[in-house]
Amino acid sequence: MTIERFVRESRTFKASHVLPPDTNNHNTLFGGRLMAHIDDVAAISAMKHARGPVVTASTDSVDFLHPIRVDNEVSLEAFVTWTHQTSMEVFVKVVAEDLLSGKRTVCATSFLTFVAIGPDGRPTPVPKVVAETQEEIFLHDGAAERAEARQQRRKRSKHLADLLGTRRPWEP
Ligand SMILES: CC(C)(COP(=O)(O)OP(=O)(O)OC[C@H]1O[C@@H](n2cnc3c(N)ncnc32)[C@H](O)[C@@H]1OP(=O)(O)O)[C@@H](O)C(=O)NCCC(=O)NCCS
């Protein structure tokens, strides 16, 4: 019997207050800090779906659409949009809220792929995901095409890694 889980079962939220140690010299959130938040919330979501350990296989581009300012709330929402055999696509939406005015802005979105890992350390099958809402169905419907693009990118990355090798510039 195939196990199925609803998208809603993996929905995960994370909010933080942006404080000076998180910001750059423009008083906006460091890009690297935001990427760490994205990976963290997406991994939690993938684990809720798989109910087991996962690793990040890839992160599609993160588009920083608007800066997130010091003293804003930054909140992230993640959920599994699509599954294949052992991999899961997770969508993350990042919203900044000006805590004084209440104005909210979508500042970034990202798709990540996680792979479930079994006790032998190898990829292991995940339950199939079932989309229910209009938003979930919209994201689910576009996922196979994104997955195909990722496979092509993975091939190119492997080729580049083979081409470049590990030798350092100063080594003979
Ligand atoms: C991701 C990883 C487990 C894949 O293992 P592998 O032996 O190459 O396995 P496979 O080629 O059989 O791929 C397994 C699944 O991962 C998917 N996958 C692998 N690399 C991928 C990538 N770059 N992007 C998207 N999906 C990927 C495959 O499509 C496959 O999905 P499916 O089973 O649903 O069809 C392995 O490459 C790895 O451990 N990478 C390092 C992960 C890591 O350290 N992450 C950061 C810290 S968590």
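**An uncovered helix, a covered strand and a nonpolar core**

Helix α3, which runs over residues 143-164 and so numbers 22 residues by the DSSP assignment, spans 31 Å from its first C-alpha to its last, close to the 32 Å expected at 1.5 Å a residue. In this predicted model, α3 is hardly covered, the count of buried residues among its 22 residues being 0. Just after α3, glycine 165 adopts a positive phi of about 65 degrees.

Residues 8-120 are covered by the annotation "domain: HotDog ACOT-type" in the UniProt record, an unreviewed entry. Over residues 8-120 the chain is 18% helix and 45% strand, and the C-alpha atoms at the two ends are 29 Å apart.

In contrast to the uncovered α3, strand β5 is mostly covered, with 9 of its 12 residues buried. Strand β2 (residues 12-17) pairs with β5 in the antiparallel sense over 6 bridges, and within this pairing serine 16 stands opposite valine 74 of β5. The pairing of β5 with β6 is likewise antiparallel and extends over 11 bridges; here valine 74 stands opposite alanine 96 of β6. Valine 74 thus has serine 16 opposite it as well as alanine 96 in β6. Strands β5 and β6 form a hairpin, with 3 residues between them.

The largest nonpolar core comprises 34 residues, and those with the most contacts inside it are Ala42, Ala46, Ala78, Val90, Val92 and Val94. At least two residues of this core are supplied by each of α1 (31-50), β5 (72-83), β6 (87-98) and β7 (104-116), and the largest share, 7 residues, comes from β7. Alanine 46, one of the core residues with the most contacts, touches Val54, Val80, Met88, Val90 and Phe114 when residues up to four places away in sequence are not counted.

The surroundings of the ligand were examined in turn. Of the 13 residues around the ligand, Ser58, His84, Gln85, Thr86 and Ser87 come nearest. Two or more residues of this shell are given by each of β3 (54-59), β7 and α3, and β3 gives the most, with 4 residues. Strand β7 therefore appears in two settings, since, with strands taken as DSSP runs, it provides the largest share of the nonpolar core and also gives two or more residues to the shell around the ligand. Helix α3, although hardly covered, is likewise among the elements that give two or more residues to that shell.

Technical notes
Residues are numbered from 1 along each chain as its sequence is written. This is a predicted model: local features need pLDDT of at least 70, side-chain atom pairs count only at pLDDT 80 or more; totals for chains, interfaces and linings use all residues. UniProt positions are given in the numbering used here, feature names are shortened, and annotations may be inferred rather than shown by experiment. A nonpolar core is a set of buried Ala, Val, Leu, Ile, Met, Phe, Trp, Tyr and Cys residues joined through C-beta atoms within 7 Å. A residue is buried if 20 or more other C-beta atoms lie within 10 Å of its own, exposed if 12 or fewer, and partly exposed in between; C-beta atoms are placed from the backbone. Two residues are in contact if their C-beta atoms, placed from the backbone, lie within 7 Å. The expected span of a helix is 1.5 Å times one less than its number of residues. Two strands pair if DSSP finds at least two bridges between them. A residue is near a molecule or strand if its C-beta atom, placed from the backbone, lies within 6 Å of it.
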